[in-house]
Amino acid sequence: MGPVLSDALADLADDLDGPGHARTVPDLAATAWSRGRRRRRRVRSTRVALAAAAVVAVVVAVLPGSWDRDALPAAPSGSVTLGHPVRIARPWSVSDLPRRGEPLAAVALSEGMGRNSGWYGVTQDGGLRRLPVRGGFMDGVVPALSADGRVLGYVDSGDGRYRIHDVVTGRTTTFPEVGTTAYPDAQHEPTYPYGVGAQTPGYVSPDGTRVALAGATTGNDGSVAILVLGTDGSVRPLAADSGYSLAGWLDDHTVLAVAGRDSGPDTDLTTTLTPVALGLDGSVRRLPVLRPATPVSGFAYSQWSPSLSPDRRSLAIGLGGDQHDSGPGSGSGSGSGSTVLVFDVASGREVDTSEVASPFLPPTTASHAGAKHLEWRGATWYGTPPGEVVTAVAPRTTGAPALVADPALRLGWLDLADDALAGPAHSSLLGTHTGWAAWHWRELLLGAAALMVLGLTRRGLLSAAARTGGA
Amino acid sequence: MRAQFDVMGGVGQEGMAGFERFVQSRSGTLLRTAYLLSGDRHLAEDLLQDTLAKVAQHWEAVEEEGNPEAYARTVLYHRAVDTWRMRLRRPRVVGEPALEPTDGADLSAESERRLLLQAALGRLTPKQRAVLVLRFYEDRTEAQAAAVLGCSVSTVKTTTRDALKRLRVTAPELVELTDRLVVT
């Protein structure tokens, strides 16, 4: 009987009995012992670190917004109840705006949520709630949010009609006679008497009972320039001058519009602007013409400029660097202008000049239009890359970000409620950190937890196998 | 040096002494297995060193369970199957000795068979080699081999069958070693 495999393997193993096995047993044991203990300490340290991170994560997850920072200067409206988030992170899952809930800190347009991209309400602790709003920035009506974050005006994604919704009480007022004329509704003959076009901002009255919009009759005359919708369901056309640009509310019963007039050889330039106070009772009161301290060649004049300050005493309007597309009602502002002139509404005198980052660019870069609103709240913004995505809001007084947004959200619009930035900051342990890990800590923790489970499972299997194998 | 272990590892000298006794008594046997698994003397030493470090890492628990060698063998086989670890350290083909003697010596039949077997083992997958070593060198049952490798008995059977088949194809000269082996 010849050799078998077991004998041949034993013979092969005998090769080791020859010269060459130079390492002594004490050396082998000492080296292995040293390596093993180092590895043990490393594993223990890692486990402790992961456990600490997990505890931190639980605390952050369970107690969102528990740490309030020092509030910014008092809110113009006097409200102190509304606050703002310090971080707006991309959520793992999307939830709709509940019928009743807390006031919203902001309205945002996210273009980084895939099929869930669109308009969102931002809660005071940074949560995102999907809004039932039709269209985006280019083809929709921009939602309006009241100063206290309670009242939301929007065009509904279902029937295309305008609605005013109280996010606290859940009461919704629908306006069957007011719908959007934005795409795709503009392709059909509207069945409602009043239409609101795309890229139109709305303004909620200080008492939250009305919304003012730039609108028009859907017939041939197009005579109505400003509509006031009440939470009682009323629709009140205010002015028949389509040259008006709506700027906001002077008080609970008066809206402020600005009338532009072209002059000079270049008819694209708007050189004279006259504020007009339009009362709900039908009164029309012309205010002093805006007078720059030094002559200007023209204003950037559109639905985004001019803009009324939250305290309703000042009016801001931009000067476009390239002023050739800034005619009245053009709806697009102009060029890359970065200078904003601030006028006193009562006297028409220029009281301030400020530099902002391209506040009135064409609406193809949506965030620029949003920048105007933030500018009035004593804040400026910057993006990554600048001008494309809103990633932070920083008070101009400090320059430090008061709010940061996840770049993955691709926020093309972030309109804070008037009172939000002045209210308490709902912070988290991550503060305003914007590094990659700060936005992906949940994924990192999940990966670490998975590795821990994998390691523990493997260790358990090894121990079980050792017990079985040694039997 | 021992005192340093005590301070840094928090383990008494007794633990280190016990580990050293274990290495003293079992390292030779483990090294032979490691050699069959890796096909190379230096790789075998690395594999054993790595295995012993793992045992040292869990020495208290392993010693308490009362069978350090069983744990060490399990670790050894698992590390051998995870060949990527060894390749990372020593990027070379494992277990590929020359098929022909280079010194022109007239080798005996046993020596020639040993070289052929070593080369043929080198052409198996690490898991196939591990199964053969467990079944025919350590003389483990299929169930015991499955327990060590952490797989099912049927996997052990399949792997053994495949390994023997490959041995017969790659080294037909060694058919006498395998022709009487039957895998159920």
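This report describes a predicted model with two chains, A and B, taking the chains in turn and then the nonpolar cores.

**Chain A: make-up and confidence**

Chain A contains five helices and 30 strands. Of its 471 residues, 44% are buried. Among the contacts in chain A with a separation of 6 or more, 54% join residues 24 or more positions apart.

The mean pLDDT of chain A is 76, and 71% of the residues score at least 70. Confidence in chain A is highest in strand S7 (residues 128-130), at a mean of 95, and lowest in strand S1 (residues 67-68), at 40. Residues 64-80 of chain A have a pLDDT below 50, and this stretch has 38 contacts in the model beyond near neighbours in sequence. Residues 358-374 of chain A also have a pLDDT below 50, with 62 contacts in the model beyond near neighbours in sequence. Where pLDDT is low, predicted coordinates should not be read in detail.

**Chain A: strands**

Six strands of chain A make an open sheet with mixed pairing, in the order S8-S9-S10-S11-S12-S15. Strand S8 (144-145) and strand S15 (216-217) of chain A each have a single partner strand, so they stand at the edges and one side of each has no neighbour in the sheet. S8(A) pairs with strand S9 (residues 151-155) of chain A through two bridges, in the antiparallel sense. Within this pair, Ala144(A) is opposite Gly153(A) in S9(A). In general, the strands of a sheet pair through backbone hydrogen bonds, either parallel or antiparallel.

Another antiparallel pair consists of strand S16 (residues 226-230) and strand S17 (residues 235-239) of chain A, joined by four bridges. Leu229(A) has Val235(A) in S17(A) as its bridge partner. S16(A) and S17(A) form a hairpin with four residues between the strands, and in this hairpin Gly233(A) has a positive phi near 95 degrees.

Thr391(A) belongs to strand S27 (residues 390-395) of chain A. Is Thr391(A) buried or exposed? Thr391(A) has 24 C-beta neighbours inside 10 Å, and the cut-off for a buried residue is 20 or more, so Thr391(A) counts as buried. Thr391(A) and Val404(A) are 13 residues apart along the chain, while their C-alpha atoms are separated by 5.5 Å.

**Chain B: helices**

Chain B has eleven helices and zero strands. Buried residues account for 41% of its 184 residues. Of the contacts in chain B with a separation of 6 or more, 57% are between residues 24 or more positions apart.

Two of the helices in chain B are set out below.

| Helix | Residues | Length | End-to-end C-alpha distance | Expected span | Buried residues |
|---|---|---|---|---|---|
| H3(B) | 41-57 | 17 residues | 24 Å | 24 Å | 13 of 17 residues |
| H5(B) | 68-81 | 14 residues | 20 Å | 20 Å | twelve of 14 residues |

In H5(B), the distance between the end C-alpha atoms agrees with the span expected at 1.5 Å a residue. H3(B) is mostly covered, and H5(B) is also mostly covered. The buried residues of H5(B) include Pro68(B), Tyr71(B), Arg73(B), Leu76(B) and Val81(B).

Arg168(B) lies in helix H10 (residues 153-170) of chain B. There are 16 other C-beta atoms within 10 Å of Arg168(B), so this residue is partly exposed. Beyond its neighbours within four places in sequence, Arg168(B) contacts Val175(B) and Thr178(B). Thr178(B) is ten residues from Arg168(B) in sequence, and the C-alpha atoms of the two are 7.5 Å apart.

**Nonpolar cores**

Which residues touch the most other members of the largest nonpolar core? They are Ala106(A), Ile226(A), Val255(A) and Ala257(A), in a core of 91 residues. Strand S18 (residues 244-251) of chain A gives the largest share of this core, five residues. The core lies between domain 1 (153-242) and domain 2 (255-276 + 287-363) of chain A, because both domains give residues to it.

Leaving out residues up to four places away in sequence, Ala257(A) touches eight residues by name: Ile226(A), Ala239(A), Tyr244(A), Ser245(A), Leu246(A), Ala247(A), Val276(A) and Leu278(A). A second core, separate from the largest one, has 57 residues, among them Ala56(B), Tyr71(B), Leu124(B) and Val156(B).

Notes:
Residues numbered from 1 in each chain as written. Chains lettered and ligands numbered in written order. Predicted model: local features only at pLDDT ≥ 70, side-chain atom pairs only at ≥ 80, totals over all residues. Contact = placed C-beta atoms within 7 Å. pLDDT = per-residue confidence, 0-100. Pairing = 2+ DSSP bridges. Expected span 1.5 Å × (residues − 1). Core = buried A, V, L, I, M, F, W, Y, C linked by C-beta atoms within 7 Å. Domains from an automatic or database assignment.
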